[in-house]
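Good morning, and thank you for joining. May I ask you to turn to the sequence and the structure, which I shall now put before you.

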Amino acid sequence: ERLNNAQIWQEYVKGKQTYLQLSTKYNCSIKTVQRRIDLHNVAFDKPNPRSVIVLMDTTYWGRKFGVMLFKDNITKENLLKYYVQYETNLVYIQGIEELKKQGFIVLAIVCDGRKGLIRSFGNIPVQMCQFHQSAIIRRYLTKNPKLKPSQELMEVVDLMTITDKESFEGALGLWFEKWEFFLNERTTNPLTKKSAYTHKKVRSAYNSLRNNLPWLFTWYDNIELNIPNTTNAIDGHFSDLKNKLRNHNGLSIERKKKFINEFLKA
C-alpha cells in the first residue's frame, strides 16, 4: 500500500497501531513510519466564542509532565489546554482569562478543591467536584474506617452525590451534634505535658467538608444553569487518553504532545 502520512497518523492515534504493526502493514522500516508520523501536522480549529460551563482538571505522566484541560460541559468540546510541570492556581486563572479574551462567556466553572482556587474567579459560580471531595475524605478516613464516627461520616459523604443541599447540610449538622464531644477530645503527651486533638484525621475530614460546603452545591443554587456536580466528563477523557498512550510507550515528550494534541482535538 502507498504510504499516506495522514492515514498512518490516524491509524497510529485512533487505531492503536504501534510503530511495529504499521511497519509490518506497510512493509517498511519502523524509522520510516516514525518519520512519516513526525511529518504529519495536527491542525486545530479554533472553538467559536459562546457561553460555556468550564470543566477544568490536570492529569500527569510521571512527575513533571502534565496536561491541564478546559472543556465545555455544554457541547463537550475541549476549549483550551496547557502543558504543565505543576498544577498551579495561577495557570487555571490564566486559562479562564484566556477564554474570556477569546470572547467566551463563562457561566460557571467545575474544578477540584485546590486550596485557594475556588475563590479566584470573582462572581462566576464555582462548583467543587463532589467526586474530588469524597476522595479527600477517603484519604483522611481510609476506605474502611474502624471508628463509628468515621463510618457515619462516610455515610454522610455518600449522600452528597444523591441529595440536595439542605438535606446534606442537615445530615452533616446532625453528625456533628452527635460526635462533637468526640471531635474535641484531647490527649496530653506525658513528656511535654502538651495536649493535642485525639482524633486529628476525623477532625480534618469534617473541617474539609464544612469549609468546602459553600461550593459543593453550586449546581443546586444555580439549577437553571445545569452545572454538573463533578469533573467526571474530563476525568473519563483523561483515562481514555492514558489507555491509548499505553500502546505507545517510550515516546519522547514532543511526540507525546503531538499524540495528545490529536486526541484532545476530537
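Let me begin with the interior. In this predicted model, the largest nonpolar core comprises 46 residues. The residues with the most contacts inside that core are Val54, Met56, Phe70, Ile96 and Ile109. Taking Val54 as an example, and not counting residues up to four places away in sequence, one finds that Val54 touches Phe70, Lys71, Leu79, Ile96, Leu99, Val106, Ala108, Ile109 and Val110. There is also a second, separate core of 29 residues, with Tyr12, Val33, Ile37 and Leu55 among them.

Two of those names, Val33 and Ile37, lead us to helix 3, which spans residues 30-39. Which residues of helix 3 are buried? They are Thr32, Val33, Gln34 and Ile37. The elements covering these buried residues include helix 1 (5-13), helix 2 (19-25) and helix 11 (253-265).

I shall look at one of these neighbours, helix 1. The axes of helix 1 and helix 3 cross at roughly 100° and come within 8 Å. Helix 1 is therefore roughly perpendicular to helix 3. At this crossing, Asn5, Ile8, Trp9 and Tyr12 of helix 1 meet Val33, Arg36, Ile37 and Leu39 of helix 3. Sorted by class, the residues of this contact are six nonpolar, one polar and one charged.

Let us now turn to another pair, helix 6 (residues 148-159) and helix 8 (residues 200-216). At what angle do helix 6 and helix 8 pack? The angle is about 20°, and the axes lie 11 Å apart. The two helices, 6 and 8, are therefore roughly parallel to each other, and their crossing is left-handed. From helix 6, Ser150, Leu153 and Val157 take part, meeting Val202, Ala205, Tyr206 and Leu209 in helix 8. Here the contact holds six nonpolar residues, one polar and no charged.

Finally, I would draw your attention to Tyr140, located in helix 5 (residues 130-141). Is Tyr140 buried or partly exposed? Its relative accessibility is 32%, so Tyr140 counts as partly exposed. If we leave aside neighbours within four places in sequence, Tyr140 is in contact with Lys201, Ser204, Ala205 and Ser208. Ala205 is one of the helix 8 residues that helix 6 meets. As for Glu185, Tyr140 is 45 residues from it in sequence, with 18 Å between their C-alpha atoms in space.

That concludes my presentation; thank you for your attention.

Terms used. Residues are numbered from 1 along each chain as its sequence is written. This is a predicted model: local features need pLDDT of at least 70, side-chain atom pairs count only at pLDDT 80 or more; totals for chains, interfaces and linings use all residues. Side-chain values use heavy atoms; hydrogens and water are left out. Axes are lines fitted to C-alpha atoms, for helices over the stretch in contact, and angles run from 0 to 180 degrees between N-to-C directions. Helices (H or I, at least four residues) and strands (E, at least two) are DSSP runs, numbered from the N terminus. Angles under 35 degrees count as roughly parallel, over 145 as roughly antiparallel, 65 to 115 as roughly perpendicular and the rest as oblique. A crossing is left-handed if the near helix is turned anticlockwise from the far one by less than a right angle, and right-handed if clockwise. Contact means heavy atoms within 4.5 Å. Ala, Val, Leu, Ile, Met, Phe, Trp, Tyr, Cys and Pro count as nonpolar, Asp, Glu, Lys and Arg as charged, and the others, Gly among them, as polar. Buried means under 20% relative accessible area, exposed over 50%, partly exposed in between (1.4 Å probe, protein chains only). A nonpolar core is a set of buried Ala, Val, Leu, Ile, Met, Phe, Trp, Tyr and Cys residues joined through side-chain atoms within 4.5 Å.
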